[in-house]
Amino acid sequence: TNWGFRGSWVLKMIVVGRSAVGKTSLMHEVVVGRLPAITTLNYEFVVFNYEIPREDLVEQDSKYASLKLPEKVKLKYQIWDTAGQERFRNLVKSYYRGTSVAFIVYAINDRDSFEDVEYWVNDLEKYTFWHKIVLIGNKIDLEDLRVVSYDEGKELADEYGFDFFETSVLKDIGTAELMPNISHPILKSL
Ligand code: GDP
Ligand code: MG
């Protein structure tokens, strides 16, 4: 975590998972609300701001009452994406450096991408301290092609102690609540 509180907390976040599961789509169309402006060259990040009123924080946990906080507390996510290096499973160490939040994404119509989750968990566990890891089963609009059930995803997430969500970036299902849902617990743990 980049502490240094100057009105906002900055968190580095990464999105990992097998190629073509929808990682880039997820971070741009959902988190930023637009398509990528340019093609990812090597690595790039986008910034997502989550704002929460000070009184809401204090209400959740009295420890915030003693802190000098602004009216609105900002959680600034710096979300990193790759240009497809995940295809070769060679995400460099610096990509992980300083990261504390991760999305591991698979597609519910791609069994291999689900089997890959274990690899990414192992890769993540080699590095840093994690505030939160979230498992995401994407492409639920492709229900007819589903090969990974909701329960399988949920069970795996529970095993690792991760949050779990199913989404469709294409149809905007389950995506809007993603960042708010993870932000409150993260703020509490800061
Ligand atoms: P990445 O390789 O993991 O970054 O995946 P991309 O974001 O590049 O997406 C790969 C393909 O999946 C693209 O053609 C996307 O349009 C498509 N895609 C992404 N999300 C969804 C989804 O929720 N449903 C469907 N049907 N397609 C999606
Ligand atoms: Mg991508």
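1. A good place to start is the chain as a whole: 46% of its 190 residues count as buried, where buried means under 20% relative accessible area, exposed over 50%, and partly exposed in between (1.4 Å probe, protein chains only). Please keep in mind that this is a predicted model, in which local features need pLDDT of at least 70, side-chain atom pairs count only at pLDDT 80 or more, and totals for chains, interfaces and linings use all residues. Residues are numbered from 1 along each chain as its sequence is written, chains are lettered from A and ligands numbered from 1 in the order in which they are written, and side-chain values use heavy atoms, leaving out hydrogens and water.

2. Next, the layout. The chain has seven helices and six strands, taken as DSSP runs numbered from the N terminus (helices H or I, at least four residues; strands E, at least two). From the N terminus on, their order is β-α-β-α-β-α-β-α-α-β-α-β-α.

3. Now look inside. The largest nonpolar core, a set of buried Ala, Val, Leu, Ile, Met, Phe, Trp, Tyr and Cys residues joined through side-chain atoms within 4.5 Å, holds 33 residues, and those touching the most other members are Leu-75, Tyr-77, Ile-79, Phe-103, Met-179, Ile-182 and Leu-187. At least two residues of this core come from each of β1 (8–16), α1 (23–32), β2 (43–53), β3 (72–82), β4 (99–107), β5 (132–138) and α7 (178–189). The largest share, five residues, is supplied by α7.

4. Phe-103 is worth a click. Beyond its neighbours within four places in sequence, Phe-103 is in contact (heavy atoms within 4.5 Å) with Met-13, Ile-14, Val-15, Val-16, Leu-26, Val-134, Ile-136, Leu-178, Met-179 and Ile-182. Apart from the largest core lies another one, of 24 residues, including Tyr-95, Phe-114, Trp-120 and Tyr-127.

5. Finally, the ligand. Around ligand 1 there are 16 residues (a heavy atom within 4 Å), of which Ala-20, Lys-23, Ser-25, Asp-141 and Val-169 come nearest. The largest share of this shell, three residues, comes from α1.

6. Oxygen atoms of ligand 1 have several partners. One lies 2.7 Å from a backbone N or O atom of Ala-20, a polar backbone atom of Val-169 is 2.8 Å from an oxygen atom of the ligand, and a polar side-chain atom of Lys-139 is 3.1 Å from an oxygen atom of the ligand. Of the 590 Å² of accessible area that ligand 1 has on its own, the protein covers 71% (Shrake-Rupley method, 1.4 Å probe).

Conventions: Polar contact = N/O pair within 3.5 Å; in protein donor to acceptor, adjacent residues only side chain to side chain.
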